[in-house]
Amino acid sequence: MGEPAFVHQAVLLSLVLFAIGALGVFLRRNVITVLMCIELMLNGANLAFVAFSRAAGTLDGQVLVFFVMVVAAAEASVGLAIVIALHRHKDTLDVDAFNVMKG
Amino acid sequence: MSELTTLDLLLPFAVLLLPLAGFVVLALFGDWINKDKEQSGACWLACGTVLAAFGFAVATCLRLYAVAGGKEGLRFTQPYLGFEWIEAASFRVPLNLLIDPLTCVMMLVVSGIGSLIHIYSVGYMAHDEERVRFFSYLNLFTFFMLLLVMGGSLPLLFVGWEGVGLCSYLLIGFWYKKDSASAAGLKAFVVNRIGDVGLILGMIFIFHAFGSLDLVDIADNAGALAPEAFGVFGPVTIACLLLFVGATGKSAQIPLHVWLPDAMEGPTPVSALIHAATMVTAGVYLTARLGPLYHQSETALMVVAVVGAVTALMAGTIAIVQTDIKRVLAYSTVSQLGFMFLAAGMGAFGVAVFHLYTHAFFKALLFLGSGSVIHAMSGEQDMRRMGGLRSKIPWTFGTFLIGTLAISGIPYFAGFYSKDEILLSAIHHPALFGIALFTALLTAAYMSRLLFLTFFGEFRGGHEAEHHLHESPWTMLGPLVILAIGSVVSGYALFPGHAGARIRLPEVIQPVFRLGESPLHHVSWVPVAATIGALVGILIAWYLYLAMPGVRAGLARALRPALAVFSAKYYFDHVYDGFVKHVVVKGSEHLLWTRVDAGFIDGAVNGLGTLMRGIARSLRPVQTGFVRHYALLLLAGAVAVVSYLLSSAGRVHL
């Protein structure tokens with residue numbers, strides 16, 4: 001397996017990961033599951049970064065991945081805090097229960 | 001003969017700024033200076049600034065003569081302080097003053113007669129609580145009027161022009177608690193504004209034709225323009241006619257004369273200063289100042305002459321039937337201004353200014369005299385309640401008599417000389433000459449009528465009023481005496497000319513018009529005819545009002561249709577009133593308000609709002625409130641953008 005083929009497969013995998021995450025965000029109704037699916041999308045993107053970094057022979061993509069991981073950690077803590085607030089507010093974690101912004 | 005120094009160039013500046021300084025001080029500290037209502041320190045301060053301005057004006061004129069030595073075309077014009085007021089491409093207006101013989105005459109008239117009227121006002125307004133406001137306005141007026149006559153370019157003249165209009169409005173409506181006074185002020189302001197539009201358009205046309213608004217430039221270059229024959233409407237004719245619209249507004253010529261008689265609501269010194277001696281002559285000054293330009297257009301000159309002659313005649317006939325002493329004088333002013341325009345229209349600009357100058361003396365005298373009468377009568381202005389005042393207020397009577405003789409054109413009084421020259425200037429136009437001569441007769445008749453009704457016969461005001469009759473204080477009589485002297489000598493006063501010669505006023509200012517020597521040739525029968533006309537006018541008035549008053553009723557019956565027209569002032573006010581009520585008000589209400597404003601403009605604005613609400617309503621379902629729908633839209637958008645970028649770059653190979 002040569003270098004380009006590896007990159008090709010890695011990008012495909014990242015696409016799959018991203019798609020699974022996106023579908024989860026759109027289809028699942030539990031807030032925690034949605035959060036986890038967002039993590040999945042972030043990591044799919046991370047994988048693409050790393051693969052392209054490898055292909056380009058620079059470290060830029062890998063540096064970006066570290067940034068994404070830090071932001072993801074922050075996002076996870078904020079997201080879980082919101083989940084707790086939501087649960088306290090409506091006693092449910094069904095995303096469809098929260099539609100006060102309906103036009 | 002000597003050279004101009006920097007000091008000389010600052011002299012006119014002092015003339016201009018002293019009254020302005022007086023206004024500022026009075027406006028800010030006037031009440032503080034006059035702590036006690038009885039004090040008149042602030043009033044004397046106002047007089048002082050104008051008197052000082054007069055002194056500086058005399059000094060300016062003397063220096064002009066000393067430097068130019070009576071040579072032709074003498075003038076100095078200087079961009080003071082090197083300051084450019086407006087600078088836009090080729091449109092440049094420096095802040096410069098123009099001092100030439102015409103300016104000198106106007107400057108001396110404005111500041112000289114202005115000083116006398118200021119002093120008179122100290123006495124006349126002695127019992128008015130708001131004297132400080134009055135004097136601050138008077139000072140402001142003097143400043144603007146001086147700016148009008150000293151400004152070296154049309155825009156600067158226009159600043160003065162608008163300024164005097166403002167002061168006129170403020171002073172007509174000085175007793176603003178009186179409804180008729182504030183209404184008269186508004187009328188004056190609005191009618192003047194109509195004229196001002198003409199003036200602005202005229203300035204635009206002149207700039208178009210000359211590329212300059214500098215008065216010296218215009219006068220110097222006017223001769224090079226192609227003369228426009230009668231009936232040709234070239235740029236010069238249009239510019240002159242537009243400027244003349246401005247002049248008719250300011251100088252109360254038909255059809256914009258309607259404001260001046262109403263302006264008599266103001267205090268009498270205001271009528272004397274603004275509405276007789278100075279401001280209303282601004283139109284004549286403007287026409288004379290641009291004389292070289294008018295000279296190139298026969299149409300414009302003829303329009304000026306005809307409007308002047310018709311105004312003189314109409315105002316003269318109206319004056320005959322007025323009963324308010326000040327209104328007679330107001331129509332008389334309109335009539336005399338018509339005479340000036342007649343002379344200007346005949347191309348005799350020097351003569352027009354000559355009459356302006358003699359008229360300033362005797363009309364200011366007559367107005368101040370009438371003020372003295374009104375003062376004696378404790379505010380009564382109706383001549384039918386006066387009579388026999390000659391022995392009660394002898395000084396007022398004596399000076400008023402001189403003023404009447406002067407305006408009637410009796411030989412050896414000022415009006416005779418200027419009116420004689422006006423008649424001479426019109427001698428080649430029999431119709432205009434006839435109108436002028438007949439108006440001269442009318443002038444003598446209505447002024448004598450005023451004199452006889454007021455000062456002769458029996459007192460008709462009742463015992464109470466008769467008991468209160470009193471001669472005015474010296475502050476009022478002093479200016480009357482000085483003006484009376486001026487009304488006699490100003491007609492034949494001589495001025496230093498070239499090489500020690502003594503020349504008359506029209507010759508002094510003739511070089512300003514760049515038209516060579518004055519074309520008037522004296523005709524011996526004209527002054528005789530004018531004198532006979534004046535005497536006939538006086539005799540008719542004497543016959544009807546003193547000798548045989550019984551004849552009057554019969555005559556009035558015989559002439560009823562004509563007198564009705566005169567009393568109704570030729571229905572000008574009726575027509576304007578009808579126009580405003582029916583066309584302006586109704587048109588605004590039924591067309592502009594209900595149709596254009598409420599229908600079209602409001603409709604467009606509200607329609608736009610309704611349209612937006614409709615669009616928003618149809619788009620509202622997009623906002624479901626479900627976060628994942630928004631996320632889906634985000635993703636779809638991102639996919640669309642990325643796929644567009646990739647496909648356009650032609651690099652899609654997964």
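What percentage of the contacts in chain A between residues at least 6 apart in sequence join residues at least 24 apart? I looked this up before anything else and found 48%. I note here that the model is predicted.

**Entry 1: chain A**

I listed the secondary structure of chain A and found three helices and zero strands. From the N terminus on, I read the order of its elements as α-α-α. I then compared the radius of gyration of chain A, 17 Å, with the 13 Å that the globule rule gives for 103 residues; the value is well over the rule, so chain A is more spread out than a compact globule. Along the principal axes, I noted that the C-alpha atoms of chain A fill a box of roughly 55 × 25 × 25 Å. I also looked up burial in chain A: buried residues account for 12% of its 103 residues.

**Entry 2: where chain A touches chain B**

I recorded ten residues from chain A and ten residues from chain B in the contact. On the chain A side, I sorted them by class into six nonpolar, two polar and two charged residues.

**Entry 3: domains and a helix of chain B**

I found chain B divided into domain 1 (6-567), domain 2 (574-623) and domain 3 (627-654). I noted a distance of 48 Å between the C-alpha centres of domain 1 and domain 2 of chain B.

I next turned to helix H4 of chain B, which covers residues 131-150 and has 20 residues. From its first C-alpha to its last, H4 of chain B reaches 28 Å, close to the 28 Å expected at 1.5 Å a residue. I counted 19 of the 20 residues of H4(B) as buried, so this helix is largely enclosed by the rest of the structure.

**Entry 4: backbone details in the loops of chain B**

I examined the loop between helix H8 (235-250) and helix H9 (259-262) of chain B, where Pro255(B) has its place. The peptide bond from Ile254(B) to Pro255(B) is cis, and I read its omega as near 5°. Ala252(B) also lies in the loop between H8 and H9 of chain B. I noted that phi of Ala252(B) is near 55°, a positive value in a residue other than glycine.

Is Ala252(B) buried or exposed? I found 31 other C-beta atoms within 10 Å of Ala252(B), and it is buried, since the cut-off for a buried residue is 20 or more.

My last residue was Tyr570(B), in the loop between helix H24 (560-567) and helix H25 (572-619) of chain B. Tyr570(B) has a positive phi of about 60°, although it is not a glycine. With 17 other C-beta atoms within 10 Å, I entered Tyr570(B) as partly exposed.

How values were computed:
Residues are numbered from 1 along each chain as its sequence is written. Chains are lettered from A and ligands numbered from 1 in the order in which they are written. This is a predicted model: local features need pLDDT of at least 70, side-chain atom pairs count only at pLDDT 80 or more; totals for chains, interfaces and linings use all residues. Two residues are in contact if their C-beta atoms, placed from the backbone, lie within 7 Å. Ala, Val, Leu, Ile, Met, Phe, Trp, Tyr, Cys and Pro count as nonpolar, Asp, Glu, Lys and Arg as charged, and the others, Gly among them, as polar. Helices (H or I, at least four residues) and strands (E, at least two) are DSSP runs, numbered from the N terminus. The expected span of a helix is 1.5 Å times one less than its number of residues. Domain bounds come from an automatic or database domain assignment. The radius of gyration is taken over C-alpha atoms; the globule rule is 2.2 Å times the number of residues to the power 0.38.
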